[in-house]
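Could you walk me through this structure, starting with the overall fold and ending with the details that are easy to miss? I work at the bench and would like to know where to look.

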Amino acid sequence: MFNMLIMGPPGAGKGTQAQAIAKRLSLKHLASGDVVRAEVGGKTVAGQKAKAYMEAGKLVPDDLVTSMVGSHIKTACESGNGVVLDGYPRTVAQARSLTELLERDGLKMHAVVNLKVPGEALVDRLVNRLTCPKCNWVYHKRNNPPKVEGKCDKDGAALASRPDDNETVIRERLRVYHDQTEPVLAYYRERSVLQEFDGSGAIDEVFECVVRYLENLKGA
Ligand code: AP5
Ligand code: MG
């Protein structure tokens, strides 16, 4: 069992790297943003409450997001080799809830990977991102294009831009990240599981550095 978190600001490459890490290490990738978007798309009670926060680039309130994501985390931890969590926790209160949730089942977080990328690069990455609405695979118009323009390599679905990937909302997401999510790094630094990486290189370069670290950690 190996559980890890991938952290970083919006556009840092959490989803991109988590998908590749999950494949290499046979882990389950669980992205809180995908869980929230599915609830919003399904017009569930929780999704309807979360919608306005997401569209404005704000965080969904802690209790609401924990109620949406908690059961998925438990299932993912129980059902295989472990999980790559992406996008949760995003506040110190969420980090505490996660620690409690794992400890209740005798589980723990083995690694926390933080991807560091400068602000302007993040805006470019997000305004040029394309996402598959069916499988959530992530592309970039220039840096990581699909093989066939506008179509997902995995399932052929038509790719789309996320509604929160416009510049005004992106800048708000970055502000919220610095304000509410950066303190989570200190939470994990104090617990000696945080490892920081330069996330500004090419996708494959970042992946090789991160996966080398994780494979060493797993083997140790
Ligand atoms: P979420 O979906 O988690 O969005 P985010 O944190 O803003 O992060 P992104 O998914 O935008 O970026 P990413 O780091 O995954 O980058 P990606 O790999 O796609 O959350 C969305 C919303 O949901 C929140 O705003 C909030 O409302 C709500 N929410 C979710 N979780 C919550 C929680 N725990 N609490 C409260 N609310 C919550 O890459 C971006 C682009 O860059 C892609 O085009 C990619 O191809 C490209 N790229 C990636 N790496 C590189 C590279 N190395 N070089 C060049 N291009 C690259
Ligand atoms: Mg993502």
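What follows is a short tour of this predicted model, from the whole chain to its ligand and then to single residues.

Let's begin with the protein chain as a whole. It is built from 8 helices and 7 strands. Its radius of gyration is 16 Å, close to the 17 Å expected from the globule rule for 220 residues, so the chain is as compact as a globular protein of that length. If you lay the C-alpha trace along its principal axes, it spans about 45 × 40 × 30 Å. Of the 220 residues, 48% count as buried. The accessible surface of the chain comes to about 11,000 Å², and carbon and sulfur atoms account for 51% of it. Sequence separation is worth a look too: among contacts between residues at least 6 apart in sequence, 70% join residues at least 24 apart.

Now turn to ligand 1. It is surrounded by 35 residues, and the closest are Thr16, Lys58, Arg90, Arg129 and Arg173. By type, this shell divides into 13 nonpolar, 13 polar and 9 charged residues. Several polar contacts are easy to pick out on screen. The side chain of Lys14 places an N or O atom 2.9 Å from an oxygen atom of the ligand, and the side chain of Arg37 does so at 3.0 Å, again from a ligand oxygen. With Gln94, the ligand atom is a nitrogen, 2.9 Å from an N or O atom of the side chain. How much of the ligand does the protein bury? Taken alone, ligand 1 exposes 1,100 Å², and the protein buries 96% of that. The elements that contribute two or more residues to the shell are α1 (14-25), α2 (32-41), α6 (119-127) and β6 (138-140).

From the ligand, let's move to two buried residues. Val84 sits in strand β3, which covers residues 83-86. Its relative accessible area is 0%, so it counts as buried. Beyond its neighbours within four places in sequence, Val84 is in contact with Met4, Ile6, Ala18, Ile21, Ala22, Leu27, Lys28, His29 and Leu30. For a sense of distance, Val84 and Glu172 are 88 residues apart in sequence and 26 Å apart in space, C-alpha to C-alpha.

Asn3 lies in the segment before β1 (4-7). Is this residue buried or exposed? Asn3 counts as buried because its relative accessibility is 0%, below the 20% cut-off. Its side chain reaches the backbone nitrogen of Val83 at 3.2 Å. Leaving out residues up to four places away in sequence, Asn3 touches Cys77, Gly82, Val83, Leu107, Lys108, Met109, His110 and Ala111.

Finally, here are some backbone details. The peptide bond from Tyr88 to Pro89 is cis, with omega near 5 degrees. Pro89 is in the loop between β3 and α5 (92-104). Two residues other than glycine have positive phi values: Lys43, near 55 degrees, and Ser192, at about 60 degrees. Lys43 is in the loop between α2 and α3 (45-56), and Ser192 is in the loop between α7 (167-190) and β7 (194-198). With a relative accessibility of 62%, Lys43 counts as exposed. Ser192 is exposed as well, with a relative accessible area of 66%.

Conventions:
Residues are numbered from 1 along each chain as its sequence is written. Chains are lettered from A and ligands numbered from 1 in the order in which they are written. This is a predicted model: local features need pLDDT of at least 70, side-chain atom pairs count only at pLDDT 80 or more; totals for chains, interfaces and linings use all residues. Side-chain values use heavy atoms; hydrogens and water are left out. A residue is near a molecule or strand if one of its heavy atoms lies within 4 Å of it. A polar contact is a pair of N or O atoms within 3.5 Å; within protein, one must be able to donate a hydrogen and the other to accept it, and residues adjacent in sequence count only if both atoms are side-chain atoms. Accessible areas come from the Shrake-Rupley method with a 1.4 Å probe; for residues, only the protein chains shown count as cover. Helices (H or I, at least four residues) and strands (E, at least two) are DSSP runs, numbered from the N terminus. Ala, Val, Leu, Ile, Met, Phe, Trp, Tyr, Cys and Pro count as nonpolar, Asp, Glu, Lys and Arg as charged, and the others, Gly among them, as polar. The radius of gyration is taken over C-alpha atoms; the globule rule is 2.2 Å times the number of residues to the power 0.38. Buried means under 20% relative accessible area, exposed over 50%, partly exposed in between (1.4 Å probe, protein chains only). Contact means heavy atoms within 4.5 Å.
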